[in-house]
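Thanks for coming, everyone. I have one structure to walk through today. Let me put it up and start from the outside.

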Amino acid sequence: MIQIFGVLVGVICGSLIPFDIPATATPFVAVGLLAACNTLFGGISAQVHRKFDSRAFISGFFINTILAAILTLAGSKLGVDFSLAAIVYFGTRIFNNLAKIQHYILQKHSNRGKIKTLGNRKKIAFDVKQDSDVQEAHIGQVIDNGGRQDGI
């Protein structure tokens, strides 16, 4: 509850206090925000999979931010837009972490499919994915298991 309150206070303060970012600092701020979002969603993804480590979270934030700032600075000194490389990298990682979080939420809150045995075949009533055999089945799809009596 206190986290939600903190976010609300931050949003209200950020919208009420006028703050202008100089044009020369815009690439640095953009890359810094992407590094922060990457770390945030990576931390949420790690927490969801019960692999969260606070030291890795904090060090990852600072290392990613500093590396992105150095790349952006080097690019601005050389006249090359290296911030695009950081944007592509962090953007890809953000979407991968969001996909992991979404997959976890869908797995946790979806109903497991009901399996009907039809001789040597099994019919799946709903979408099912089991990590042990890494097989996917879609609505109404029939999977032939070659006469084996083991599960899908």
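First, the surface. The protein chain exposes about 11300 Å², and 66% of that comes from carbon and sulfur atoms. Keep in mind that this is a predicted model.

Now the inside. Of the 152 residues in the protein chain, 18% are buried.

Next, the layout. The protein chain has four helices and five strands. Read from the N terminus, the order is α-α-α-α-β-β-β-β-β. As for contacts, take those between residues at least 6 apart in sequence. Of these, 44% join residues at least 24 apart.

So where is the largest nonpolar core? Five residues make it up: Val31, Ala35, Ala68, Ala86 and Phe90. Two helices, H2 (26-48) and H4 (83-109), each supply at least two residues of this core. Look at Ala86. Setting aside residues up to four places away in sequence, Ala86 touches Val31, Ala68 and Gly91.

Let's stay with H2. This helix has 23 residues. From first C-alpha to last, H2 reaches 33 Å, close to the 33 Å expected at 1.5 Å a residue. Right after H2 comes Arg50, with a positive phi, near 55 degrees.

Which residues of H2 are buried? They are Val31, Ala35, Asn38, Thr39, Gly43, Ser45 and Val48. Some of the spacing in that list is worth a thought. An α-helix has 3.6 residues a turn, so residues three or four places apart point the same way. And what do the buried residues of H2 pack against? Helix H3 (54-78) and H4.

Pick one of them, Thr39. Thr39 lies in H2. Buried or exposed? Thr39 counts as buried because its relative accessible area is 9%, under the 20% cut-off. Which residues does Thr39 contact, leaving aside neighbours within four places in sequence? Phe57, Gly60, Phe61 and Asn64. Those four numbers fall within the range of H3, 54-78.

Last, the cysteines. How many disulfides does a search of the whole structure find? Zero. For reference, a disulfide is a covalent bond between the sulfur atoms of two cysteines. Take Cys13 and Cys37. Cys13 is partly exposed, with a relative accessible area of 38%. Cys37 is also partly exposed, at 31%. Both values sit between the 20% and 50% cut-offs, so neither residue counts as buried.

To recap: H2 and H4 each give at least two residues to the largest nonpolar core, the buried residues of H2 pack against H3 and H4, and there are zero disulfides. I'll stop there.

Key:
Residues numbered from 1 in each chain as written. Predicted model: local features only at pLDDT ≥ 70, side-chain atom pairs only at ≥ 80, totals over all residues. Heavy atoms only, no water. Disulfide = S-S within 2.5 Å. Buried < 20%, exposed > 50% of the residue type's maximum accessible area, 1.4 Å probe, protein only. Core = buried A, V, L, I, M, F, W, Y, C linked by side-chain atoms within 4.5 Å. Contact = heavy atoms within 4.5 Å. Expected span 1.5 Å × (residues − 1). Areas by Shrake-Rupley, 256 points an atom, 1.4 Å probe, with all protein chains shown as cover.
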